[in-house]
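Hello,

Here is the structure I promised to pass on to you. Have a look at it first, and then read on for what turned up.

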Amino acid sequence: MKFFIDTANLEQIKEAQDLGVLDGVTTNPSLMAKEGIKGQENILNHYVTICNLVDGDVSAEVIATDFKGIIEEGEKLASLHKQIVVKVPMIKEGIKAIKYFSSKGIKTNCTLVFSPGQALLAAKAGATYVSPFLGRLDDASTDGLELIEKIRIIYDNYGYQTQILAASIRHTMHIVKCAEIGADVATCPLSAITGLLKHPLTDIGLATFLADYKKVNG
Ligand code: G3P
């Protein structure tokens with residue numbers, strides 16, 4: 001399973017990259033705003049900076065919601081850097097745009113997906129990635145992991161190449177469960193990635209090993 005980091009924070013992206021397990025980055029307008037990145041030029045420059053920090057795909061989301069606007073914005077984003085993936089919302093105009101981008105060889109990430117039917121449409125349109133938001137479903141008392149399972153079954157039934165990019169991940173168990181289900185990618189906050197390191201028996205075991213070494217070696 002690929003690990004993406006879900007942030008526009010450069011320090012966190014660097015930290016995840018340094019860990020050696022990072023496969024890409026996802027951003028969205030809220031994450032960009034959180035970092036105080038505003039103005040068209042600064043936003044575009046920030047995407048390029050992120051691309052230069054990591055090796056893999058970097059999702060950059062369009063703001064337009066009409067077909068023509070999505071195409072114009074998406075083509076501009078895609079021309080910024082070869083690692084850019086155009087993130088398009090799951091709306092009618094978005095599906096049309098994904099189909100267009102797919103025919104032009106531009107990678108896409110269909111975002112704001114909350115149902116198996118939406119994921120099926122994204123795959124039929126030729127999306128590179130589909131982003132089901134599992135944490136937001138959990139927040140609304142609906143099983144987000146069940147959605148990932150259903151999408152996996154549908155895509156496997158027909159051999160769709162669209163990659164399931166589990167998004168809105170809140171914690172380490174989401175990552176582990178997504179790996180069990182067979183999600184292709186998990187995009188996570190840094191805390192969820194580093195949370196995978198933790199186990200008290202590891203800490204206790206290491207302390208004992210070091211103490212025993214010291215007893216003998218001084
Ligand atoms: O980037 C999309 C998604 O991961 C958002 O997550 O935490 O805002 O629900 P969250």
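**A salt bridge to start with**

Asp 139 and Arg 170 form a salt bridge, with their closest N and O atoms 2.6 Å apart. A salt bridge here is a side-chain nitrogen of Lys or Arg within 4 Å of a carboxyl oxygen of Asp or Glu. Asp 139 lies in helix H7 (residues 134-139) and Arg 170 in the loop between strand S7 (163-166) and H9, so this pair ties together parts that are 31 residues apart in sequence. Helices (H or I, at least four residues) and strands (E, at least two) are DSSP runs, numbered from the N terminus. Asp 139 counts as exposed, at 54% relative accessibility, while Arg 170 is partly exposed, with a relative accessible area of 39%. In these terms buried means under 20% relative accessible area, exposed means over 50%, and partly exposed is in between (1.4 Å probe, protein chains only).

**Where the model comes from**

Please keep in mind that this is a predicted model: local features need pLDDT of at least 70, side-chain atom pairs count only at pLDDT 80 or more, and totals for chains, interfaces and linings use all residues. Residues are numbered from 1 along each chain as its sequence is written, and side-chain values use heavy atoms, with hydrogens and water left out.

**The chain as a whole**

The protein chain has eleven helices and eight strands. Its C-alpha trace spans about 70 × 40 × 30 Å along the principal axes. Of the 218 residues in the chain, 46% are buried.

**More salt bridges**

The count of salt bridges comes to eleven. Two of them sit in helix H8 (residues 144-158), beginning with Glu 146 and Lys 150. The closest N and O atoms of Glu 146 and Lys 150 are 3.7 Å apart, and the two residues are four apart in sequence, about one turn of the helix. Glu 146 is partly exposed at 38% relative accessibility, and Lys 150 is partly exposed at 41%.

Arg 152 and Asp 156 also meet in a salt bridge, at 3.2 Å from N to O. These residues are four apart in helix H8, which again puts about one helical turn between them. Is Arg 152 buried or exposed? At 12% relative accessibility, Arg 152 counts as buried, whereas Asp 156 is exposed, with a relative accessible area of 52%. Arg 152 and Asp 156 are also linked with Asp 184 in a network of salt bridges.

**Around the ligand**

Which residues surround the ligand? They are Asp 6, Asn 28, Lys 87, Phe 133, Arg 136, Ala 167, Ser 168 and Arg 170, where a residue is taken as near if one of its heavy atoms lies within 4 Å. Arg 170 is thus on this list and also in the salt bridge with Asp 139.

Some side chains make polar contacts with the ligand, meaning a pair of N or O atoms within 3.5 Å (within protein, one must be able to donate a hydrogen and the other to accept it, and residues adjacent in sequence count only if both atoms are side-chain atoms). A polar side-chain atom of Asp 6 lies 2.5 Å from an oxygen atom of the ligand. For Arg 136, the distance from a polar side-chain atom to a ligand oxygen is 2.7 Å, and for an N or O atom in the side chain of Lys 87 it is 3.2 Å. Taken alone, the ligand exposes 310 Å², and the protein buries 83% of that. Accessible areas come from the Shrake-Rupley method with a 1.4 Å probe; for residues, only the protein chains shown count as cover.

**On the surface, and at the end of the chain**

Met 173, Val 176 and Leu 196 make a nonpolar surface patch of about 220 Å². Patches are made of residues with over 30% relative accessible area and no salt bridge; like charges are joined within 9 Å, and nonpolar side chains (Val, Leu, Ile, Met, Phe, Trp, Tyr) within 5 Å. Met 173 is in helix H9 (residues 172-181) and counts as partly exposed, at 43% relative accessibility.

Helix H11 (residues 200-217) has 18 residues and reaches 26 Å from its first C-alpha to its last, close to the expected 26 Å at 1.5 Å a residue. That expected span is 1.5 Å times one less than the number of residues. The number of buried residues among the 18 of H11 is zero, so this helix lies largely in the open. After H11 comes Gly 218, with a positive phi near 80 degrees.

**Backbone angles to look at**

Leu 112, in strand S5 (residues 108-113), has a positive phi near 65 degrees, although it is a residue other than glycine. Leu 112 is partly exposed at 33% relative accessibility. Ser 141 is not a glycine either, and its phi is positive at about 60 degrees. Ser 141 is in the loop between H7 and H8 and counts as exposed, at 72% relative accessibility.

Best wishes
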